[in-house]
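Q: Please take a close look at one part of this model, the place where the two domains of a chain meet. Then follow the same chain outwards to its partner.

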Amino acid sequence: MRYDITLVVNGIVRRVGVPARRLLSDCLRHDLGLTGTHVGCEHGVCGCCTVLLDGEPVRSCLTFAVTVDGRQITTVEGLAGPEGMSPVQRAFAECHGLQCGFCTPGFLCTATALLRQNPTPTDEEVLEGISGNLCRCTGYQNIVKSVHRAAELMAEEEGR
Amino acid sequence: MKPAPFDYYAPRDLGEALDVLAEAGEHGKVLAGGQSLIPLLNMRLAAPERLVDINRIASLEPFEVTPDGVRIGALARHSQVERSEGIAAVQPLLRQALRLVAHPVIRNRGTVVGSLVHADPAAELPAVLALLGGSVRLARAGGVRDVPAGEFFTGPLESALEPGELAVSAHFPRLPERTGSSFVEVARRHGDYALAGVAAVVTVDDDLRVSEARVVCVGVGPVPLTADVSGWCERRPASTVDWAAVARAVQDRTEPEADIHATAEYRRHLVGVLAVRALTEAARHAL
Amino acid sequence: MTTRLFGERVQRKEDPRLLTGQGRFLDDLGPDALAVAFVRSPHAHARILDIDVSAALDVEGLVAVYTWEDLPGLVAEPLPLLIPHPALTHGRTAYPLAREVVRHVGEPVVMVVAEDRYLAEDACALIRVDYELLKPVVGIEEAVHSAALVHEDVPGNVGARLVQEVPSRSGQSAREVIESAPHTLAFRLDIERSASSPLEGRGVHARWDGTDLRVHSSTQTSTSVRMAIAAKLGLPLPHVEVIAPDVGGGFGVKIVHPWPEEILVPWAAMLLDRELKWTEDRREHFISSAHERGQVQFVRVGFDDDGHVLGLEVTILHDHGAYTPYGIIVPIITSTQLLGPYKIGSYRVEFSSIYTNTVQVTPYRGAGRPQGVFCMERTMDKIAAHLGKDRTEVRAANFIQPSEFPYDQGMIFQDGRPLIYDSGDYPAMLAKLKELIGWDSFVPRKGLGIGIGCYVEGTGVGPYEGGHVQVTSDGRVHVSTGLTSQGQGHETVFAQIAATELGVPIERISVVTGDTRRFGYAVGTFASRAAVVSGNAIALACRKVREKALRIAAEALEADPADLEISDGLVHVAGAPGASIPLSTVAVLSNPLRYSFDAETARAGQFAGGASFDRPPVAEGEEPGLEGRDYYSPLRSTFAAGMHAAIVETDPDTAEIRILRYAVVHDCGRLINPMIVEGQIHGGVAQGVGGALYERMAYDSHGQLLNASFMDFLMPYATEIPRIETDHLETPSPLNPLGIKGAGEAGVIPVAAVIAGAVEDAEGLPIDRMPISPSELFHLRSGG
């Protein structure tokens, strides 16, 4: 049995037919072709598949696509604006906050939501905020630096 | 790691949900936040025939402060409850516990009631419910019952929830006056299930003497293990209570098991250490 | 725009695509491909009695089911033993699909092809395999003493035994020296298994068009996968292409090849004439890829009053898991790199490589070095404790001095070549580290300790890599090399090298790695070798291009090539900026044309004038085009080095261990991009912290891996990793043109030793096993 669902992904209305067991991660990647969302463990621990559901970061591998019928989803492909990469994306480039790039989309989504909620996080708040995302390459130091740098960039842009 | 197929139901209201669950009986499984269930489905460690997704039932969303405590609907997410200042004001232990539940992103989706129903003996929220003497409201087609925490948790990952029933809300009593609370635990990594954890509530009287003290331990038995240790406090001022002796009394009641992360003996030791920490912190908050 | 980019913190060229979701990882390819899944053995050791696939045949969307019996010719043969060695007398490799016997949980038994992965897993769940259980062999010492055998024809479960001895200057054996030494110590050390655990698992995608086979694999070596597939499937090499797309981390596990899936997926794609893809899931990665680290070491050391090591004897039992596809590289590295920065009076090392019914063991970042360094650094600490000396003093007493390079350790290294250190300055490095961590001002107390670990890492092993550099008529520079990338920033650092060598802005340079269509000859990415071997090859290729460009430009400018230089993509006469010619034009002139298609190419047309009638348009010995190809084949490895120190705090009540500070001084010769090198160190240290405090593979006595998930295999999160303070020393390698040494594995190597030393210092208890958990520390405190 297939369910016709509607997802608003990165601001675009997408209609798709999926079986009930289709994970949101697979739906985004394989049904909608948005392969920027990555799948690292499929049991909710690594955070690679984190996307924003109505603005809040969630694990797309622990969500059935049918459950979020009608909802707004932002993936890594939707973070950049018309003028290019978002402050979070630019900060990750500037601070070498990524190596292989596989976990990166999850960190970007998580950090984007974190900074929306808390534009000037302390070190501890950054650590807590990204504490559910695994990275095997960077040792996290430059990721933490990137989040702080993104906060600075956002503040600068706000001030303009 | 993809789930086995299941029949999917997404009822729009509670009545419909209860009908579906009644029909499904033991073949039915409720999907709320899914943060514990979906990993099991993905690994095919669970393969229910029918999945009843309650996420569209708006009446299950609210969580509110009631005259005698906090009532939390089945769809209230951990993060919503954690952020609620109203709830923190009447029952601070919930926020203290929620901050220890997994990671923020998991808490955005996971539900408080779902954690209770999952009944993991290492989880924080069942312990909070048990410590506070709260209850879970179970609905079935044609009936509702409130099950007190003491009867709700029946074993590891087992609860009093019967086939055909849906946990629609949970009630956490408010903290009495002059009462403090605390939740401390040791986990291997930040956000992991605790190797052991202890929550405590301590009440002091007008003379600031300890009139009531209770603890609950997680990760050291088949269900959250509660203990009333008021008697051990001998109605002394908090600063002169022999908390270590109290903690030993608690420790003696635990039945920890070994796993790959820690021995039983270490877990029992931790309970002693953590009980002292939780009780002294709760007593401090009570003053 | 400067083009002197070597040594600069240049932002990565890889990042824009990876930050916007435009990377192309294995599972992002082939949206219409059929999905492959495997039925894997649930038992550690069993005989397959019967496989019944009939129930699966009804699964909607099922395309094919294969067992070993279906495999033809060479596909049905055991997988290759990649690195044979005379000491590996009983090397054994697996069949692509199990034949008769399974030897670890996770071994592939049945291959299923279906319309998507969900359906493939549905079919797998319905396939019934009957097994006769055999006694599993689990645990290194159990394997040595067990009557049960992993392989019936391998007595004692011993796959290999190798002894290397370096006698003292007076010709005495280590044993003799130890017997007569003023002080001796004997002890045992244990290191448990961990694993690479890249966040992207393995994966293979294959497409067959009737003539040509195109395979994408999440691999560390596409060229060698290509040769293996061509050989196994009997295809002519030119008809097989293998491409490593963006790869989500490797850390060693993806150097193994061909994996069963790398043969089976292309084979079935050809047979079915359909596009096929297999994407490994996390559980599969835990139970069917590879692990590393597990060793038991028995150490005897003799030393004098100053702490000079006069004799060292180490006997190693190395857990090799069920198969030895990668030979005995890991224990060879342990036994040779154990020596570190030290002059050891005499040395005897013996290792036995032991089969167990567990996942096979192949290199994981560090590749045997963390175990060797653990052994040597624990030894140094024990000597210091025995003599009541400062731990750094004992190390310094044994250091090879800067004047002693090249220093011959008298052994044969993992590349089959002599273990001769090229350069280094260990005393200066120690001084820097002591300064950075504040060693001399540290005041220890109960529950607060400091530890140190030193290592030398043979990097940049041969046999070779190559580089191809082409300047096209639009002035762009296209660099390719055969080895692969898994996050190391190769596109950036190789572009930095090319920019510096050619004088071209980095924006105009693009780099391709791991694509056999672009470069067919390569070895692979491992052993911290990419920057050294490919980096130098690319530099040499650039120099060829530069020489040719200057030659052509000199003619056009009527100047002497020796007077020319290139900057910002312009060839000009030094000191006369007006006389210049863009490289794009040089590229045009390098390729005499009959046909023109734009104004640039018209300049190279046959009626454009200026050509000499005395020689052919392409002069003898020349080739058309401004391009160059060269190879770098190192004489032997370069030897990077580093020293780490940490301050840890232990909780007196809970026995939790917290790293308060972590300091690294590192020498990888000349730095191409310090930002990237530091990133490599951070990541390595984090993996080391994982191995020291969190990660282990917990097998039960039945050979079941109890923690085959990220829930219970405790890879550290951000909350578990300390801030890492770094400093560099640069002693250029004399062995290669760029003077560089490798950096990729460095961070991970000494961490377990450092943390063990620090915990020992904090607790006053010997720490001889790693990793260590709070539960274990608690039991050590209570005396057992």
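A: In chain A, 16 residues of domain 1 are in contact with 11 residues of domain 2, where contact means that the C-beta atoms of two residues, placed from the backbone, lie within 7 Å. Domain 1 covers 2–78 and domain 2 covers 87–159 of chain A; these bounds come from an automatic or database domain assignment. The C-alpha centres of the two domains of chain A lie 22 Å apart.

This is a predicted model, in which local features need pLDDT of at least 70, side-chain atom pairs count only at pLDDT 80 or more, and totals for chains, interfaces and linings use all residues. Residues are numbered from 1 along each chain as its sequence is written, while chains are lettered from A and ligands numbered from 1 in the order in which they are written.

On the side of domain 1 of chain A that touches domain 2 of chain A, strand S3 (50–53) and strand S4 (56–59) of chain A each supply at least two residues. Strands (E, at least two residues) and helices (H or I, at least four) are DSSP runs, numbered from the N terminus. S3(A) gives the largest share of this side, three residues. By class, this side of domain 1 of chain A has eight nonpolar, seven polar and one charged residues. Here Ala, Val, Leu, Ile, Met, Phe, Trp, Tyr, Cys and Pro count as nonpolar, Asp, Glu, Lys and Arg as charged, and the others, Gly among them, as polar.

Strand S4 of chain A also appears in the contact between the chains, which takes 20 residues from chain A and 23 residues from chain B. On the side of chain A that touches chain B, S4 and helix H4 (123–129) of chain A are the elements that give two or more residues. The largest share there, four residues, comes from S4(A). By class, the side of chain A that touches chain B has five nonpolar, 10 polar and five charged residues.
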